[in-house]
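Have a look at the model below, and let's walk through what its atoms give us. The stops are the cysteines, the core, the surface and the overall fold.

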Amino acid sequence: FFVPIAWAAFVLWQGVPTAPDIFSMKPDLIPFLLWTSSTVNATSTSYHFFTTVKNIGILTSGVTKTRLRVDLRSNGYWDIEAFKNTGGLVPGGLEGELWAFALALPNTATPAIHLFEICVDALNSETEWSEVNNCRKARF
């Protein structure tokens, strides 16, 4: 009787079958993608902040709030805070959220001086599989 090595490795890795863990059967929302763009005019710069919220969990999520915070000049103070409603997402489901602001910022030669953070399920209204993967930060 011959067992292919790939199959043997799969069986060994899988181990003994166990009953599903009903406590891990939850939605899990993450900020999957982040980006920002800007347009400069005579008096201000228009900034756009975007995220794709993704449910990487096993169950459908309820409606939640996604939060954007902006720390201008990265001084540790959140200068802007804004929320968007995120609809319920099936497992693997995606929803895009977009914020736009016109900010009168001085021109600076230092790139990436500002910071933004996007948090999904920002008000913790959804019981998720993991609560530690809800936020991401980036500089702009």
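There is one disulfide here, counting cysteine sulfur atoms within 2.5 Å as a pair. Its partners are Cys119 and Cys135, with sulfur atoms 2.0 Å apart. The pair ties together distant parts of the chain, 16 residues apart: Cys119 sits in strand E6 (residues 115-119) and Cys135 in strand E7 (residues 135-139). The torsion about the S-S bond of Cys119 and Cys135 is about 115 degrees, so the disulfide is right-handed.

A quick word on ground rules: this is a predicted model, with pLDDT of at least 70 needed for local features and 80 or more for side-chain atom pairs, while totals for chains, interfaces and linings take in all residues. Residues are numbered from 1 along each chain as its sequence is written, and side-chain values use heavy atoms, with hydrogens and water left out.

How buried or exposed are the cysteines, and how does Leu59 fare? The classes are buried (under 20% relative accessible area), exposed (over 50%) and partly exposed (in between), using a 1.4 Å probe and protein chains only.

| Residue | Relative accessibility | Class |
|---|---|---|
| Cys119 | 2% | buried |
| Cys135 | 39% | partly exposed |
| Leu59 | 41% | partly exposed |

Leu59 lies in the loop between strand E2 (45-55) and strand E3 (64-71). Together with Met25 and Ile58, Leu59 makes a nonpolar surface patch with about 260 Å² of accessible area. Patch members have over 30% relative accessible area and no salt bridge (a Lys or Arg side-chain nitrogen within 4 Å of an Asp or Glu carboxyl oxygen). Nonpolar side chains (Val, Leu, Ile, Met, Phe, Trp, Tyr) are joined within 5 Å, like charges within 9 Å. Areas are Shrake-Rupley values with a 1.4 Å probe; for residues, only the protein chains shown count as cover.

Now inside. The largest nonpolar core (buried Ala, Val, Leu, Ile, Met, Phe, Trp, Tyr and Cys joined through side-chain atoms within 4.5 Å) has 13 residues. Phe49, Leu68, Val70, Trp99, Phe116, Ile118 and Phe140 touch the most other members. E2, E3, strand E4 (80-86), strand E5 (94-103) and E6 each give two or more residues to this core. Beyond its neighbours within four places in sequence, Trp99 has contacts (heavy atoms within 4.5 Å) that include Phe49, Leu68, Phe83 and Ile118.

Zooming out, the protein has one helix and seven strands, taken as DSSP runs (H or I, at least four residues; E, at least two) numbered from the N terminus. Along the sequence, that reads α-β-β-β-β-β-β-β. Of the 140 residues, 35% are buried.
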